[in-house]
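Welcome, and thanks for opening the viewer. Let's take a short walk together, one selection at a time.

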Amino acid sequence: MKTYLEIPFKEAAGHALYVDFYIPDNIDRPPIILWIHGGGWKDLNRKWCLVYPQLERGYAVCSVDYRYSDEAPFPAQMLDLKDALLFVKANGGTYGYDGSKVVVSGDSAGGHLCSLLAVSAGNSDWEKAGEDYRVQAVVEFCGPCRLGDPGHQDTADHDIVRQLLGVSDCGKALAGRGAAASPDTYVDGTEPPFLILHGSADPAVSPDQSRILRNALESAGIPVHMYLIPGGVHGLGGELVDCVVQEFLDYYIKNRVTVLTPELQPIHDRTVPPAAR
């Protein structure tokens, strides 16, 4: 495996933001997964990554920084990730991956951000004119979808959400800024395929948040596959999850049918539609 660490892609809040590239050996220009870490929009770092196992399954990984909510409120995080996405698209030849095949992925707060990054392609408030911000697929782990809506609150600490949105109370400002930061606000039928994974026993973010996102995508006609991992809590990993991710990516990114988890067929929607077999 080739590694290219601490590559700066942007200056923000008085310091550099970095990406780390991990490129599998013996694969010519593999697709790349742009990974966005969780941590309540204010903790952890780019070394926390749930998709490293995909390096052995034929995918490169790029793990990225973004400004924390205690440095700058939303949409600073989205502005950083839009810039990171352009950097990844532009540098495939330099680091040895296919910059035209980009998957975005993240967990928890990073799951929220990766979904929002994908569904907001074309948002002129967050993007530079004339650039292509589309991605080819999304793999989202246990992220919140609807922010600042009392009728759809998850079980996360509400102070964390208020800090992200830059508001101090639960009034109209929270609802308005929450809607602007909620992925389902932007779904319009132009999104790439989604894989959503959530633990059925997640104590931090309710599985209902993933259902909101799934329902919005389905209503817009977007291919979306959601797996509620039985007994899973917040933060998912392991062979089963890794195989589900590979099945999805192989089908939508490599146009190849890979079935590694037949035991899930009776209880979950399949990544590969039956007609494709």
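**First stop: a buried aspartate and its partner**

Select Asp83, which counts as buried, at 17% relative accessibility. Keep in mind along the way that this is a predicted model. Now add Lys128 to your selection: its side chain meets that of Asp83 in a salt bridge, 2.5 Å from N to O. This pair links distant parts of the chain, 45 residues apart. Asp83 sits in helix 1 (residues 76-90), while Lys128 lies in the loop between helix 3 (109-119) and strand 6 (137-141). Is Lys128 buried or partly exposed? Lys128 has 44% relative accessibility and counts as partly exposed.

**More salt bridges**

How many salt bridges does the structure hold? There are 17. For another one, select Asp43 and Lys42, whose closest N and O atoms are 2.7 Å apart. Here both partners are partly exposed: Asp43 has a relative accessible area of 36%, and Lys42 comes in at 29%.

Next, pick Asp250 and Arg256, where the side chains meet in a salt bridge of 3.4 Å, N to O. Asp250 counts as buried, with 0% relative accessibility, whereas Arg256 is partly exposed at 42%. Then select Lys10, Arg67, Asp80, Asp83 and Lys128 together: salt bridges that share partners join these residues into one network. You have met two of its members already, Asp83 and Lys128.

**Into the nonpolar cores**

In soluble globular proteins, nonpolar side chains tend to be buried together. The largest nonpolar core in this model has 58 residues, and Phe21, Leu34 and Phe194 touch the most other members. Apart from that core lies another, of 25 residues, among them Val61, Leu195, Val244 and Phe248. Color the two cores separately if you like.

Now center the view on Leu34. Which residues does Leu34 touch, leaving aside those up to four places away in sequence? They are Cys62, Val64, Leu85, Val88, Val102, Val103, Val104, Ser105 and Leu117.

**Last stop: Arg211**

Finish by selecting Arg211, which you will find in helix 6 (residues 207-219). Arg211 is partly exposed, with a relative accessible area of 29%. Show Met226 and Leu228 as well, since Arg211 touches both, not counting residues up to four places away in sequence. For one last look, use the distance tool from Arg211 to Asp188: the two are 23 residues apart in sequence and 17 Å apart in space, C-alpha to C-alpha.

Notes: Residues numbered from 1 in each chain as written. Predicted model: local features only at pLDDT ≥ 70, side-chain atom pairs only at ≥ 80, totals over all residues. Heavy atoms only, no water. Helix = DSSP H or I, 4+ residues; strand = E, 2+ residues; numbered from the N terminus. Buried < 20%, exposed > 50% of the residue type's maximum accessible area, 1.4 Å probe, protein only. Contact = heavy atoms within 4.5 Å. Core = buried A, V, L, I, M, F, W, Y, C linked by side-chain atoms within 4.5 Å. Salt bridge = Lys/Arg side-chain N within 4 Å of Asp/Glu carboxyl O.
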